[in-house]
Number of protein chains: 2
Amino acid sequence: MQTVDTLEKEFKELLKDQDAYREALALVQWDLRTKIPEKGAEQRSEVIGFLSQKMHQLATSDKMKHLIDQLKDKTTNNVLQKSLEECELEYKRSIKIPDAEYKAFVTLRSKSESVWQKAREDNNFSLLQPYLEELVSYNKRFATYWGYQDNKYDGLLHLYEPGMTTEILDTVFEQVRTGLTKLVKQISETKIQPDENLLTHHFPKKDQENFSLDILKKMGYDFDAGRLDETIHPFAIGINPNDVRVTTRYDENDFRMAVFGTIHEGGHALYEQNISKGLAQTPMASGTSMGIHESQSLFWENFIGRSEAFWKEHFDLFHSYAPAAFHTLDFSDFYTAINAVKPSYIRIEADELTYCLHIMIRYELEKSLINGDLAVKDLPEAWNQKMEDYLGIRPTSDREGVLQDIHWAAGDFGYFPSYALGYMYAAQFNNQLSKEMNIEQIISSGDFSPIKNWLTRHIHQHGKMKKPLEIIKEVTNEPLNATYLLDYLTEKYTKIYDL
Amino acid sequence: MQTVDTLEKEFKELLKDQDAYREALALVQWDLRTKIPEKGAEQRSEVIGFLSQKMHQLATSDKMKHLIDQLKDKTTNNVLQKSLEECELEYKRSIKIPDAEYKAFVTLRSKSESVWQKAREDNNFSLLQPYLEELVSYNKRFATYWGYQDNKYDGLLHLYEPGMTTEILDTVFEQVRTGLTKLVKQISETKIQPDENLLTHHFPKKDQENFSLDILKKMGYDFDAGRLDETIHPFAIGINPNDVRVTTRYDENDFRMAVFGTIHEGGHALYEQNISKGLAQTPMASGTSMGIHESQSLFWENFIGRSEAFWKEHFDLFHSYAPAAFHTLDFSDFYTAINAVKPSYIRIEADELTYCLHIMIRYELEKSLINGDLAVKDLPEAWNQKMEDYLGIRPTSDREGVLQDIHWAAGDFGYFPSYALGYMYAAQFNNQLSKEMNIEQIISSGDFSPIKNWLTRHIHQHGKMKKPLEIIKEVTNEPLNATYLLDYLTEKYTKIYDL
C-alpha cells in the first residue's frame, strides 16, 4: 500500500502534467485569436483537439481514479484536498456520459455552430431549429446524468456556477427584472437625452491604445506578467500565473469599445494575476466561477470605469490622447453620454442598465427549454415577446433576435445567468467595499491600490479554494442579495436622468 | 499479424501525434522569444520540458519500434518509407545513449550555459574550462555510440548535415580558406575605403519595419501563412506548413541589422513555406539539413540582397522609407558601404567575405577537440593564433575570442560547419540558376517569382525527402564544389575594391 506522502507526490505530478497541457492549450488559444496568420488556423485546430484529448485522458485515467480513491479525505494538505474534490467532480461528470454519446454531441455541436453562422446570415431560424432540438435533448440527458435536486436546469447551471440553484436565481432575477423594467420605463419618459454623437469623433487607434495601457497600469495590472493585444472578440486569458494577457478591439469612430473593453478584460486579468502563487499548477489556480469572474470585470468596467469620479480624475489624461474634437466637450455631457441608456436588440451592445434584462430573457427561455415547458420551434416568438415585455422593443428579424448569440448553437445551456450574477455580485462587493473605505475618494486620488488590494485579499487570492456563494457570504456577511444592484443602479441613473 | 494498411494507418497517427507536440512546442518557442512577459518564462520552461519529454517518449516508444520493424521496406508509400528511416535513425540515436548518461549530459549542459554567461562577462575562460572538458568527453562518447567510419567528428557532423564527412569538409574548406585569406589580404592592401558611417544615420524603427515588410512581400513570402515580429536574436520558425514566422531586430542607428536580417530569415521562411503540403504532419515536412537551410537564407541575404541590381531596383523604395539624411547618398558609395570588408573579432558581426573564415577556425578547433588533438586548456591560444593566421587580427581578450559563441558551452559540436556549407551550397545553386536565367535581369524587373519558383521546384518542395548532397548533385549536376563560392566572391569583391 502506498503512503499518503507517495500518493501526494504522484497526485502533484499528475496535476502538473495536466497543467502543462492546459498552459500549452491556453497559449494556442491566445495565438489563434490574436496573431495566427489566416492559413495557419486549420492545422492548428488539430493541435487543439489533440491537447484537449490528452487533458481529458488524464482527467479520466485509472491513475486519476486511483489517486482520488486513495487520497481524498486522507491528505491533510488543503490545496490537494480541494484539488481532489475538483478532479473527482470532473471525473464523475466525464465518465457518466457514454463515450459514443459524447462524441456524437461534439460532432453535432461543431456542425451546429456552422449552421448557426449561415442561419444568422440568412436570417433563417428554421435552418438551426433541428440542431437546437437535438442539442436541447442532449443537455436534458446530461443534466440527468450529472444529477440535480429540484430542477433539471440546475444540473447544467452547476457547471458554470457551483452551488447556484434555479430557486435562488428565480428569486433574485425576478427582483432585478421588476426593478430594472421600472427604471428603464422611467428613463424612456424623461426629457433628458444624452448625446452619444459627442463620443464618436475619430480617435486614432494608437492613441486609444496608449490611453488603455495607462488605465491598465493605474488599475494595478502587472505588465511584467501580461500584455495587451488586439483581437476581434476581446478576452483575458491566464496562460500561467505570471502570464495573464488582455486583448481589446479598436473602433476609431467609437473609443468606448477599446477603453471600456480594456477595463473589463483588465478586471478579469487582475483576478487571475492575483491568485495565490501557492495554488499554481493545480486546478485551484483559476477563478472560482464564471459569475465571480464576471463580477470582477464588471466591477472595474462599470462601478469604477463608468463612474463620475473616474472620469473627473482622468479627463486630463483622456484629453492628452484624444484628438482636438474631444477637447471642447463639457464634462457633464460627456459623463451622461458614456452612461446613456437605450433599449436595444443586441446583448453585447447593451448598456449597463438594460444588459441584465437581456440575460433574464435568455435565462427564462433556456430554463423552459430544458424543463420541457417550451418547444424549440416556439423559441423565436417567445424571444420577441419577452423583448417587448422587458425592454419595450420587438425585434423585426431573428438575426437581431434569437439568432444573435452562439451559446445555444454551441450546445451551451446554463451559462447565460453568470453574466447577470456578475452584476449582482459586483454590486454586493461594491456595497461592502464602500462600508470599509471611501471609494470615490480613492478613485479621485488616482491610486487604486487600496481597491485592488481589497479585491485580492477577499476574492482573487483564493482562486478556486472558495465557492462563489461562500465568498459572497464571507466577504459581505450575507447571502446573495439583489437589492444592492438595484439600489446602485437606481441611485446612479436617478441622478443622471433626474428621475 | 497486422496488414500493411493497418500499420500505415497506425504509423500516420503516431506521426500526427508527434507533430502536434512539435507544433505546440514551436509556438511556445516563438512566444518565448517574441511576446512572453518577463515573469511568465519560468513556468513556461516547464511546459517546454514536458512537451519535449512527450515527443521523446513517442520517438523511443515500443510502438514506434514495432512500426519501424514491421513497416520499413514493406510500405510502398515513399513518404512513409522515408519517415520510417528518419524515425529509425532518431530511435537508434536515442536508445544508444544510456538514460542516466543523457540525463547527466542535459544537466551539465544547462549548468554550463549559465557558467558561460558569467565566464564571458568576466572574461575568464578558466571558469568554463572544466565544463567544456566534460562536454567534449560526452560528445566523444556520443560520436562512438552513434558510429562513424573514418573520423570521430563525423559521428557528430551527421546530426546536422546528413551524409557530410570530415573528408569532404577538409578538402572544400581548405580551398575556401586559401582563397579567402588571399582575397582578404588583397583588400586590406587597396586604397579603397568604404565609408560605413554613411549608413548609420538615424532610421526610425517603424519605417525600417515597413521597408522590411515590403521586401519580404517582394521575395514572395506569404503573409497569409506567416508574420513578422521583433526579437533579440532573430530567427524564422515553421510552426506549421501554413504558419511560418519571421522575426527581426531593429537598430535605429544601423538599418542593416533589420533589413539584411529580415531578408536572411525570409530566405529560411520561404523554404519552410514552400515544402510540399503532401509532407505535412510527417518528419519530412522540414528543411533537409542545417546547411541547405542556411543556403536559402544566405542566397537571399547576399546573392540577392547585397547585389548591385537589388539596390538599384529598390533605391527609390528605400528612400521612400529612409529619413532625409539618406537621400543625398551616392548609389555607388552606398553599395560599396553595404559590402564593406573588414576583419573583425565577432562572428555574427562579420561581413560576407570574412564570415567563412570565422567558421573555418571553429571547425578546425572542434574537430581537433573531438579527435583528441587539442586539449580544452589550449583552446584560447589556438583560437587566437588561427584568428591571426586567417584574419590577420589577434583578439586581446577571450570575451572577443573563444568565449563569444554559446554553441560549445551548450554542448553542440559539429554544428558550425553548416554555416560555411550554406555559403558554398548557395554559390553552387546561384551558379546553376545563372545558367538557366539572367538573375540580374530578374532582380531588375522587381518580380522575384522566377527565382522563388526555381528554388521551390529544386529545393523547397522536397523537404527532407532528399538529402543535402543528393539535392546538390541533382540540381547542379555535380558534387559539392567550393570553386563557385570563391569565383563569386572574387568577382564581386574584385569589382568593388578594384583589385
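Let me start with a term: a salt bridge here is a side-chain nitrogen of Lys or Arg within 4 Å of a carboxyl oxygen of Asp or Glu. Keep that in mind, and let's get going.

First, some housekeeping. This is a predicted model, where local features need pLDDT of at least 70 and side-chain atom pairs count only at pLDDT 80 or more, while totals for chains, interfaces and linings use all residues. Residues are numbered from 1 along each chain as its sequence is written, chains are lettered from A and ligands numbered from 1 in the order in which they are written, and side-chain values use heavy atoms, with hydrogens and water left out.

On confidence: pLDDT is the predictor's confidence in each residue, from 0 to 100. Chain A has a mean of 96, and 100% of its residues reach 70 or more. For the complex, the predictor gives an ipTM of 0.94 and a pTM of 0.95.

Okay, inside chain A. We have domain 1 (4-124) and domain 2 (166-497), with bounds that come from an automatic or database domain assignment. Their centres, taken over C-alpha atoms, sit 28 Å apart. Domain 1 of chain A puts 29 residues into the contact and domain 2 of chain A puts in 30, contact being heavy atoms within 4.5 Å.

The area buried between these two domains is about 2600 Å², and carbon and sulfur atoms give 60% of that. By buried area I mean the accessible area (1.4 Å probe) that two parts lose on being put together, summed over both. On the domain 1 side, Trp30(A), Arg33(A) and Trp116(A) supply 24% of the area buried against domain 2, more than any other three residues.

So how many salt bridges does the rule find across the interface of domain 1 and domain 2 of chain A? Just one. There are also 14 residue pairs in polar contact between these domains, both residues at pLDDT 80 or more. A polar contact is a pair of N or O atoms within 3.5 Å; within protein, one must be able to donate a hydrogen and the other to accept it, and residues adjacent in sequence count only if both atoms are side-chain atoms. H1(A) gives the most to the domain 1 side, with 11 residues. Helices, by the way, are DSSP runs of H or I, at least four residues, and strands are runs of E, at least two, numbered from the N terminus.

Now, chain A against chain B. Here 39 residues of chain A are in contact with 38 residues of chain B. The buried area is about 3000 Å², with 52% from carbon and sulfur atoms. In chain A, Lys39(A), Gln43(A) and Phe50(A) lose the most area to chain B, together 20% of what that side buries.

Between the chains the count is eight salt bridges, out of 66 over all chains. Take Asp243(B) and Arg44(A), whose closest N and O atoms are 2.5 Å apart. Asp243(B) lies in strand S3 (residues 243-248) of chain B and Arg44(A) in helix H2 of chain A, so this pair joins two chains. Another one is Arg245(A) with Asp31(B), at 2.7 Å between the closest N and O atoms.

Polar contacts between the chains come to 25 residue pairs, both residues at pLDDT 80 or more. Helix H1 (4-34), helix H2 (41-59), strand S2 (236-240) and strand S3 (243-248) of chain A each supply at least two residues of the side touching chain B, and H1(A) gives the most, with 12 residues.
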